[in-house]
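Work through the exercises below with the structure open. Each task is followed by a stepwise solution.

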Amino acid sequence: MKFSKYSILFLLALLPQLLFKEYFLTLISTIIIGAIAGWFINEKRVFLKMLLVQFIFFSILFIVKRSSIFYLDQVMDNLELPYFLMPLFFIVFNSLNIAILFYFGYKLCKLIFRRMGTLEPQV
Amino acid sequence: MRLIKAIISLFFCLLWIIVTNYKSAPLNSLGALLTYQSGLLSIPTDEQIISSTNRDLVIKIDHFGIPYIFSETDKDVAFGLGFMHAKDRYFQMELMSKMVKGELAGMFGPRAIPSDEFWKPYEFDQKASEILVEYEKNAPQLYAYLVNYSEGVNAYLENNTLNDPLYTLFDANPQIWKPEYCLMVTWYMSKNLAYYDLHSERQELLDQLPSEVLNILYPMSPNDIKTILPSKIIAETNATLPQPLEKVKLGSKIKSKEQNTDIGSNNWAINSQKTKNGTTLVANDPHLFITLPNSFYEANLMGDKIQVYGYTIPGVPLIVSGHNTTIAWGITNGEWDLTDRYLLETKADSVYLLDGKWIPFEEDEYTIEVKGKGTEQIKIKRTVHGNLIQEKDQYFAQKWHPSEKSYSVKALFEMMQASHWGSFKDALNNYDYPPQNFIYGDVNDTIGIVCAGKLPTKPKGYEGGLLDGTKAPLSNEYVSTQWETKNPEHLYLFSANQLPIQNGQYFGMHWHKDDYRVNHIDRLLKAKDDWTVQSIQEMQLDEVDLSFFHLKDFFQFHPLDSRYDHITRLFEKWDGKMNTNSNAAYLYEHLRMSVEAEAKRYAQEVLQVQQAPSMKSFLNYLSQDTLSLQATVLANILARTDSLLSMEEFAQKTYSETSDFFAYNLSFLPGFGHQIKDVGGNKNTINMNAKAHPVFRSIYEMEKDQIKGYTSLAGGQSGKMNAKHYSDQMDNWREGTYKSTQFTDDPTQLHHIINTLNFK
């Protein structure tokens, strides 16, 4: 039960980046999902777990969609940078970004409700 | 403690969010660009093209992305071309229209403000709208053609998602296209091709140098120049106009902005009596700064009266270089000076002297939108002579003639429907700007050339310097002669940006340009009587620099010591070919640049003027001077070459070390573009390799009942970096490989068709 609740919230946080053309909506949605997670779960290493989930997810996504940015290889070539930096940059950035947005919402929720004295672990 | 840790982690999260959301104009934020759906990863490379309906129109697209547009009506053909231009080049089109309207900063931010400051005060959007209204009344066929073209552009934008990464990178959305934007191309190209302003430098030469030195080092019209036309047509001059300034005192060393003088082009036509197969040949290779995408777009239009193949400029539905069913044509830049610069006498930065009276400057204010900054005000001062320009402590007024209304689009529209020499030159009689040399050939074995454009009448004796701003401006009068000729006795015609005629009329700043390329083309065309398509291709790829032989003549009177054995060997053995794998070409290019550097030093240090003479003029000047001066200059040239690399180091290099160039993406974003390797030639060769390069090469062979074409485009048809036709022709262009074009009114006869768009 606990596993599925975690899984749903972590997986839910992956969806906005697939849904919204407008980055601002992705950003807000991910933070809100993080905040909802902050209400429902009380777990250690939330940031690391989200980072890992997003890393695996985005790596697969990147491999599938790699061909749509093939022209960036030419940029790496022109700047005399190794090709592997491009996937590394995309994957690391996205892993960090979604994990940070999620964690921001999660932590903000915890902080607010702790200050209000109302937050008890909802597990 | 836990609270502090939480606050610190929240602070760092917030910092990350701010940084990744920050839009450093003109670019989109890092977060938006790298996240999947909002960023670059989700832009599809393959597009499902949705065409609109109710049009009598079929477009077939070949394996290079070239569209073949078929319809019973010309207006539907225009619609089809608009649709294809939007599909492949909309960012480029929008860039051009926004630039000319002075709205670039709204898309690219503060860095584009100088561009808007130049363009906005000319109010070209207003002028274009007025011209369109005139066309609606006076040229309804053209008006309908432009309107349908725009509808085609907008039909693509409405029905399809524009999958160009540049819009994502710049966080921009495509705006709708209006018919008047098609007219803006003439001003855009005029800025690129007809905005020369070296009048201050020229005035300095006129003031400082005795005429015997001036005529050799900076000759306005050298006796040995190969003009485009036989030099017997006398242009009109108006002796009643005020004289230009004499002995102007420029307070300080005024230097105009850097002018790109490397742009140029080649075209030639050969009569059937000089060809092996008895077919007339027309060749063209315009030289421009190569970007990706290319400035030109290849297309075939098969309508009712409009049945043409060739190169269009995205944003305007015209074939500027190509052929129809009976005639072929090509262009080179006229390089006429269309800028009048007046030296003003001013007081308190607010008034100027005119006919003995102090007149206040007129002031206009324009508002421009700046991305990320809101709006900004531009203030422009004007005099009766033109826009005010301040350089250091000196005021000038400048009139740029192409800023007037231009009817070139109408002239080109009529030209591409011409069926013989008479209708061709009649159409170009109304051509305005930018001045172009139109080479001509037809299936009836007529060859010809028209040097088309509006040349402002200048005072008699004018030599390119400043005009007197204390007197009334020159009246807006233009030379009415049409410079043209056909079927010469020597059976060929060509242009390579040289003077059209030699008659004392001031055309432009040819006084500081070399004519080695001109002479080489003339020699080659004269020497051969069995020209074929193959040999014309070889000529377009020719990399012989005639300046080498000129320098060799100069050096023969000055034996070099053993330190310069490598240079001695160069002069003994080399054939002057600037091939990319040549060690001699590498050495010579350094030697040539040393000569140019020495010419500049001599001008600035000895003659005390800023403008360097051309290499040819400098060598001619030295040849007529004392042996001691020659020896001194020679020593400087050798020392400069020697200081670059030792003899041993030279021996290990090939010309490819310096001849490669970078073709930038149109956005000029760092890293975006292609390094083009193994390119030969230099600024003097037919296959030019300088700031400009041949953006395309075309050859048209006129047979009795058809015209065959062979073309090569530097780049590709698409302007989208994620498209397969973005740069797929670049290797062929670099290697000098041509493709055979397809020109037929039967769509079923086309080969290599990979896509068909049916609008019915």
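The model is predicted.

**Exercise 1. Chain A: folds and extents**

Task: Determine how many helices and strands chain A has, and in what order the elements run.

Solution.
- Step 1. Count the elements: chain A has 6 helices and 0 strands.
- Step 2. Read them from the N terminus: the order is α-α-α-α-α-α.
- Step 3. Fit a box along the principal axes. The C-alpha atoms of chain A fill roughly 55 × 25 × 25 Å.

**Exercise 2. Chain A: burial, contacts and surface**

Task: Work out what share of chain A is buried, and what its surface is made of.

Solution.
- Step 1. Take the 123 residues of chain A; 44% of them are buried.
- Step 2. Turn to contacts in chain A with a separation of 6 or more. Residues 24 or more positions apart account for 79% of these.
- Step 3. Sum the surface: about 6,800 Å² of chain A is exposed, and carbon and sulfur atoms supply 73% of that area.
- Step 4. Locate the charges. Chain A carries 12 positive and 6 negative charges, and their mean positions lie 17 Å apart.

**Exercise 3. Chain B: domains**

Task: Find which residue ranges the domain assignment gives for chain B.

Solution.
- Step 1. Read the assignment: domain 1 spans 30–190 and domain 2 spans 547–658.
- Step 2. Take the centres over C-alpha atoms. Domain 1 and domain 2 of chain B are separated by 48 Å.

**Exercise 4. Chain B: a sheet and its turn**

Task: Establish the strand order of the open sheet that contains β12 of chain B.

Solution.
- Step 1. List the 3 strands in order: β11-β12-β13 of chain B, with antiparallel pairing.
- Step 2. Identify the edges. These are β11 (346–347) and β13 (357–360) of chain B, each pairing on one side only.
- Step 3. Count bridges: 4 of them join β12 (residues 351–354) of chain B to β13(B).
- Step 4. Pick a facing pair: L354(B) is opposite K357(B) in β13(B).
- Step 5. Inspect the loop between β11 and β12 of chain B; D349(B) lies there. Phi of D349(B) is near 55°, positive although the residue is not a glycine. D349(B) has a relative accessible area of 45%, so it is partly exposed.

**Exercise 5. Chain B: is Y145(B) buried or exposed?**

Task: Classify Y145(B) by accessibility, then list its contacts.

Solution.
- Step 1. Place the residue: Y145(B) sits in helix α7 (residues 140–159) of chain B.
- Step 2. Apply the cut-off. Buried means under 20% relative accessible area. Y145(B) is at 2%, so it counts as buried.
- Step 3. Leave out residues up to four places away in sequence. Y145(B) then touches D74(B), A78(B), L301(B), I306(B), P317(B), F413(B) and M416(B).
- Step 4. Check a further distance: the C-alpha atoms of Y145(B) and K60(B) are 20 Å apart, with their positions 85 residues apart along the chain.

**Exercise 6. Chain B: backbone torsions**

Task: Give the omega of the peptide bond from L292(B) to P293(B), and the phi of E123(B).

Solution.
- Step 1. Start with L292(B) to P293(B): this bond is cis, with omega near 5°. P293(B) is in the loop between β5 (291–292) and β6 (297–302) of chain B.
- Step 2. Go on to Y433(B) to P434(B). This bond is cis, with omega near -15°. P434(B) is in the loop between α13 (421–428) and β18 (436–442) of chain B.
- Step 3. Finish with E123(B), a residue other than glycine with a positive phi of about 55°. E123(B) belongs to the loop between α5 (113–119) and α6 (124–138) of chain B. Its relative accessible area is 35%, so E123(B) is partly exposed.

Note on methods
Residues numbered from 1 in each chain as written. Chains lettered and ligands numbered in written order. Predicted model: local features only at pLDDT ≥ 70, side-chain atom pairs only at ≥ 80, totals over all residues. Heavy atoms only, no water. Domains from an automatic or database assignment. Helix = DSSP H or I, 4+ residues; strand = E, 2+ residues; numbered from the N terminus. Buried < 20%, exposed > 50% of the residue type's maximum accessible area, 1.4 Å probe, protein only. Contact = heavy atoms within 4.5 Å. Areas by Shrake-Rupley, 256 points an atom, 1.4 Å probe, with all protein chains shown as cover. Lys, Arg positive; Asp, Glu negative; His and termini not counted. Charge placed at Lys NZ, Arg CZ, Asp CG, Glu CD. Pairing = 2+ DSSP bridges.
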